[in-house]
Amino acid sequence: MKLVIDGVTRLVRRYRPDGNPLRRRTDRWESAGLVVAVLLILLSLWPATAAARQAYAGALATGTGRQQVRATLLADTPVTTLSFGEVGGGGLVSAGWTTASGRRHTGKVSVLSPAKAGAQLTIWVDRSGRPAPPPPSEAELRITAAATALMILGVAACLVLTLFAAFRHGLDRVRYRDWTVAWALADDHWRQSPS
C-alpha cells in the first residue's frame, strides 16, 4: 500500500502546476497532456454507460416472448454405452407440444437423460413455437452490461494512454534536442573562456 501511495505522490509532484521556474515548457505541456488524457478517459464513461444499457436492453429483448411449455416425447431417447459399462442416453428426440395460443407443434428437443416415448418435460419455445434456449437471468443480463462497459472503458483507456505515450515521446525528442543544443553552447563557452 505504501508503494502505491508513494507512486501516486511522485506522479502528483511531477505533474502538478506549481509555478516552479525550473520546469521546462515541455514539462508544462506534458502536465496539460495528462490532464487532457484523464478527462478523455472520464468522458468515456458516458458512452460506456450508454452501451451497457443498450447491451442490457438487447439481451433482455432476446428473451422476451419465450415461454415454457410441456412437451411429450414421441420416441425413446437413444441409449448409449459409456465407459466402464455404464448406460447413458439423451440427445435430440422428437417431441410434440402445444403453445399458449393452442397451436400444436412437433420437432426435435434436447433431452439430457434416458427417457421413454410419452414422457413429459418442460421446454422453452419462442414466439413462433420453436424450441429456444431459456431467457437470460438477471445475473446474466448484469454481467453482459458490465462486460460491455468494461470493454469500452478498456479500449478508450488504451487508446488515450497510447496517444499520451506518443505525445510524451514527441516531447522527449524535443527535450533531447534542447539538451544537445544546451551542451553544445556550454562546450563552446568553455572552449572560448581563458584558461
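Thr72 stands opposite Gly96 in S4, and this pair is a good place to start reading the model. S1 and S4 pair in the antiparallel sense over three bridges; two strands count as paired if DSSP finds at least two bridges between them. Strands here are DSSP runs of E with at least two residues, numbered from the N terminus.

Please keep in mind that this is a predicted model, in which local features need pLDDT of at least 70, side-chain atom pairs count only at pLDDT 80 or more, and totals for chains, interfaces and linings use all residues. Residues are numbered from 1 along each chain as its sequence is written, and side-chain values use heavy atoms, with hydrogens and water left out.

**The sheet**

On to the other partner of S1. Six bridges join strand S1 (residues 67-73) to strand S6 (residues 120-125), and the two run antiparallel. The table lists bridge partners for residues of S1.

| Residue | Stands opposite | Strand of the partner |
|---|---|---|
| Gln68 | Trp124 | S6 |
| Ala71 | Leu121 | S6 |
| Thr72 | Gly96 | S4 |

Taken together, four strands form an open sheet in the order S5-S4-S1-S6, with antiparallel pairing. Strand S5 (104-111) and S6 are the edge strands, each pairing on one side only. Neighbouring strands of this sheet are turned by 45° against each other on average, direction ignored; the axes behind this angle are lines fitted to C-alpha atoms. As background, strands of a sheet pair through backbone hydrogen bonds, either parallel or antiparallel.

**The core**

The largest nonpolar core has eleven residues: Val69, Ala71, Leu73, Val93, Ala95, Trp97, Val109, Val111, Leu121, Ile123 and Val125. S1, S4, S5 and S6 are the elements that give two or more residues to this core. Such a core is a set of buried Ala, Val, Leu, Ile, Met, Phe, Trp, Tyr and Cys residues joined through side-chain atoms within 4.5 Å, where buried means under 20% relative accessible area with a 1.4 Å probe, protein chains only.

Val109, one of these core residues, is in contact (heavy atoms within 4.5 Å) with Leu73, Gly91, Leu92, Val93, Ala95, Trp97, Ile123 and Pro131, leaving aside neighbours within four places in sequence.

**A closer look at Ser94**

Ser94 lies in strand S4 (residues 91-98). Is Ser94 buried or partly exposed? Ser94 counts as partly exposed because its relative accessibility is 27%, and that class runs between the 20% limit for buried and the 50% limit for exposed. Not counting residues up to four places away in sequence, Ser94 touches Leu73, Leu74, Ala75, Gly107 and Lys108.

Terms used:
Axes are lines fitted to C-alpha atoms, for helices over the stretch in contact, and angles run from 0 to 180 degrees between N-to-C directions.
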